[in-house]
Each structure stands twice: as structure tokens, then as C-alpha cells.
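Trainee: I should like to learn how to read the main features of a structure. May we go through them one at a time?

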Amino acid sequence: MKTQKTILITGAARGIGAALCRQLAAQGHHIIAVSRNLDKLKKLQNEILEHDAHHQIDVLPFDLEAPQTIPDFIDRLKTCCSKIDVVIHNAGMLVNKPFTQISSEELQRVYQVNVFGPFALTQALFPYLKQATAAHVIGISSMGGVQGSAKFAGLTAYSSSKAAMAGWCEVLAEEWKAENIKVNCLALGAAQTEMLEDAFPGYKAPLTAEEMANYISWFAVNGHLYFNGKILPVALSTP
Ligand SMILES: NC(=O)c1ccc[n+]([C@@H]2O[C@H](COP(=O)([O-])OP(=O)(O)OC[C@H]3O[C@@H](n4cnc5c(N)ncnc54)[C@H](OP(=O)(O)O)[C@@H]3O)[C@@H](O)[C@H]2O)c1
């Protein structure tokens with residue numbers, strides 16, 4: 001029988017995150033779905049449980065822009081699980097604006113959601129990851145954050161923050177080797193979601209959110225067996 005894992009997914013209410021929750025719950029894993037939007041999370045939870053009442057999904061509201069609420073979040077997490085096998089840092093924020101028009105507040109927000117928030121959350125989750133036999137932390141980055149890949153005007157804040165996320169994942173993998181916690185980063189290419197529509201209005205992506213989530217779901221459960229400290233492009237385009 002396959003081992004059931006406890007998998008925490010941020011940005012779970014829509015797009016790739018919601019698709020990950022559906023797929024990984026259907027595989028029998030215990031999902032902890034995290035988003036700012038409790039109503040949407042509850043809708044997703046109901047949908048998943050209506051499909052199969054044996055599926056396991058807990059929903060926890062949390063705003064990556066409110067790091068002061070992390071202790072409260074961890075208190076609520078205690079009621080759902082005693083260990084976490086996989087964390088998928090899927091939540092992300094994008095600002096699409098010319099460089100000279102990005103305010104410091106917007107820059108701060110993008111970095112809070114894409115870098116500082118996941119960083120602080122991972123610190124707080126460390127005791128839970130240590131309880132797992134072979135934990136796996138996954139940063140969801142973007143091809144835009146990969147050195148040498150195609151770059152797009154308007155995305156300086158977003159793409160540079162995704163590069164920062166890839167950087168801390170790579171270093172943390174080294175630091176947590178002794179803890180047997182693997183850390184990897186997936187640099188996604190285009191998938192059809194609300195965020196993609198904001199970045200490239202009218203563009204038709206080669207993958208749906210569900211198709212992208214298919215790969216991430218596999219990687220979440222198996223990737224730690226093959227990779228550590230890697231930044232892996234998941235994209236049909238080259239570079
Ligand atoms: N779609 C693509 O083509 C593409 C390409 C490269 C990388 N990515 C990355 O893939 C991930 C998923 O993106 P997506 O395309 O599925 O985007 P999406 O549909 O726009 O979803 C983004 C998610 O991030 C969450 N989020 C935003 N700000 C947050 C905050 N302050 N606190 C907590 N959660 C917050 C949102 O949650 P709420 O429910 O709280 O609003 C939402 O669930 C992102 O990290 C994105 O950068 C996507």
C-alpha cells in the first residue's frame with residue numbers, strides 16, 4: 001500500500017494550488033490547504049469530500065502578508081497534524097508594471113508573498129518537517145526567475161523574487177541535509193491561470209492548471225527520492 005503523506009499547500013484556493021489539492025487528495029494523501037480565502041477553501045473542501053468522503057483535507061486560512069499571525073497559524077495546525085511530509089510553497093503574487101512605476105509598497109508586497117512569507121513559514125514548520133521520515137519542501141518558482149531564460153518586460157519585481165526563492169531553496173537543501181529534509185524548487189513555465197492572464201493577457205498557455213499540477217503532484221511525493229537542492233525547469237519552452 002502507498003504511504004499516505006501529509007501535504008501542506010499554500011495558494012490552495014485557486015489555479016495550480018486548487019488542482020494540486022484535488023489530485024493529491026484523490027491519491028489518498030492528507031491535504032492541509034492554505035489560502036487567505038476561507039470561503040473558497042471551504043468550497044474546495046466540500047467539493048473534494050463530496051467526491052469521496054474518505055478523502056482528507058483540512059483548510060487553514062493564512063495570509064503570507066501577515067507574518068505576525070504565524071504563531072496563531074501553527075497553533076491551528078496542531079489540531080490537524082503532528083508532522084508534515086511535504087510543503088508546497090505554491091502561493092505567489094505578480095505585479096506587471098514598467099520598472100519605473102513599481103512602488104516600493106508593491107515591491108515589498110511581492111517579496112513578502114514570494115520570498116519573506118514562505119521563508120518565515122518554513123522556519124515555523126521546521127519542527128513538523130523533522131517529525132516526518134523524509135520530508136520534502138518545494139518552492140514554486142518561475143522560468144522568469146531562472147538565469148538565462150527568456151525575460152519579459154513588466155516582471156522585474158515578480159521574476160527577481162522568484163529567483164530569490166530558488167536561491168534560498170538551493171541553500172536550505174544544503175543546510176537541512178543532516179535533518180534528512182529535502183528542498184527543491186520547480187521553475188514553472190506557462191499554465192493557464194488567473195496569474196498568467198494578468199502577466200500575459202490573451203496568451204494561451206500550452207498547459208492547463210491541472211496538467212501542470214499533475215507533474216507537481218508526482219514531484220511532491222517522489223521528487224525527494226531523486227533530487228535535493230535542485231532548481232528544475234518545468235516548461236515546454238527553451239530557454
Ligand atoms: N500560471 C503560470 O503560468 C505560472 C508560471 C510560473 C510560475 N507560476 C507560479 O505558480 C504558483 C501558482 O500560480 P497560479 O498560476 O496558480 O496563480 P493564481 O491562480 O493567481 O493563484 C495564486 C495563489 O497565490 C495565493 N496568494 C496570493 N497572495 C497571497 C497572500 N498574500 N497570502 C497567501 N496566499 C496568497 C492566492 O491565494 P488567495 O486564495 O489567498 O487569493 C492564490 O491561491 C505561483 O507561485 C506562481 O508564481 C505560475
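Trainee: How far does a backbone N or O atom of Gly 92 lie from an oxygen atom of the ligand?

Mentor: Please keep in mind that this is a predicted model. To recognise a polar contact, one looks for a pair of N or O atoms within 3.5 Å. Here a backbone N or O atom of Gly 92 lies 3.1 Å from a ligand oxygen. A polar backbone atom of Ala 191 is 2.8 Å from an oxygen atom of the ligand, and for a backbone N or O atom of Met 195 the distance to a ligand oxygen is 3.5 Å.

Trainee: How much of the ligand's accessible area does the protein cover?

Mentor: On its own the ligand has 880 Å² of accessible area, and the protein covers 96% of that.

Trainee: How many residues surround the ligand, and which are the closest?

Mentor: The ligand is surrounded by 28 residues, and the closest are Arg 36, Asn 90, Tyr 158, Ala 191 and Thr 193. By character, the shell divides into 13 nonpolar, ten polar and five charged residues.

Trainee: Which helices and strands each supply at least two residues of that shell?

Mentor: They are helix 1 (15–26), strand 5 (135–142), helix 5 (156–175) and helix 6 (194–199). Strand 5 gives the most, with three residues.

Trainee: In which sense do strand 2 and strand 3 pair?

Mentor: To read a pairing, one follows the bridges between two strands. Strand 2 (residues 30–35) and strand 3 (residues 56–61) pair in the parallel sense, over six bridges. As an example, Val 34 has Leu 60 in strand 3 as its bridge partner.

Trainee: What do strand 2, helix 2 and strand 3 make together?

Mentor: With helix 2 (residues 38–51), the two strands make a right-handed β-α-β unit.

Trainee: How many salt bridges are there?

Mentor: The rule asks for a side-chain nitrogen of Lys or Arg within 4 Å of a carboxyl oxygen of Asp or Glu. By this rule, the count is eight. In one of them, the side chains of Arg 22 and Glu 47 meet at 2.6 Å, N to O. This pair links distant parts of the chain, as Arg 22 is in helix 1 and Glu 47 is in helix 2, 25 residues apart.

Key
Residues are numbered from 1 along each chain as its sequence is written. This is a predicted model: local features need pLDDT of at least 70, side-chain atom pairs count only at pLDDT 80 or more; totals for chains, interfaces and linings use all residues. Side-chain values use heavy atoms; hydrogens and water are left out. A residue is near a molecule or strand if one of its heavy atoms lies within 4 Å of it. A polar contact is a pair of N or O atoms within 3.5 Å; within protein, one must be able to donate a hydrogen and the other to accept it, and residues adjacent in sequence count only if both atoms are side-chain atoms. Accessible areas come from the Shrake-Rupley method with a 1.4 Å probe; for residues, only the protein chains shown count as cover. Helices (H or I, at least four residues) and strands (E, at least two) are DSSP runs, numbered from the N terminus. Ala, Val, Leu, Ile, Met, Phe, Trp, Tyr, Cys and Pro count as nonpolar, Asp, Glu, Lys and Arg as charged, and the others, Gly among them, as polar. Two strands pair if DSSP finds at least two bridges between them. A crossover is right-handed if, with the strands pointing away from the viewer, the path from the first strand over the helix to the second runs clockwise.
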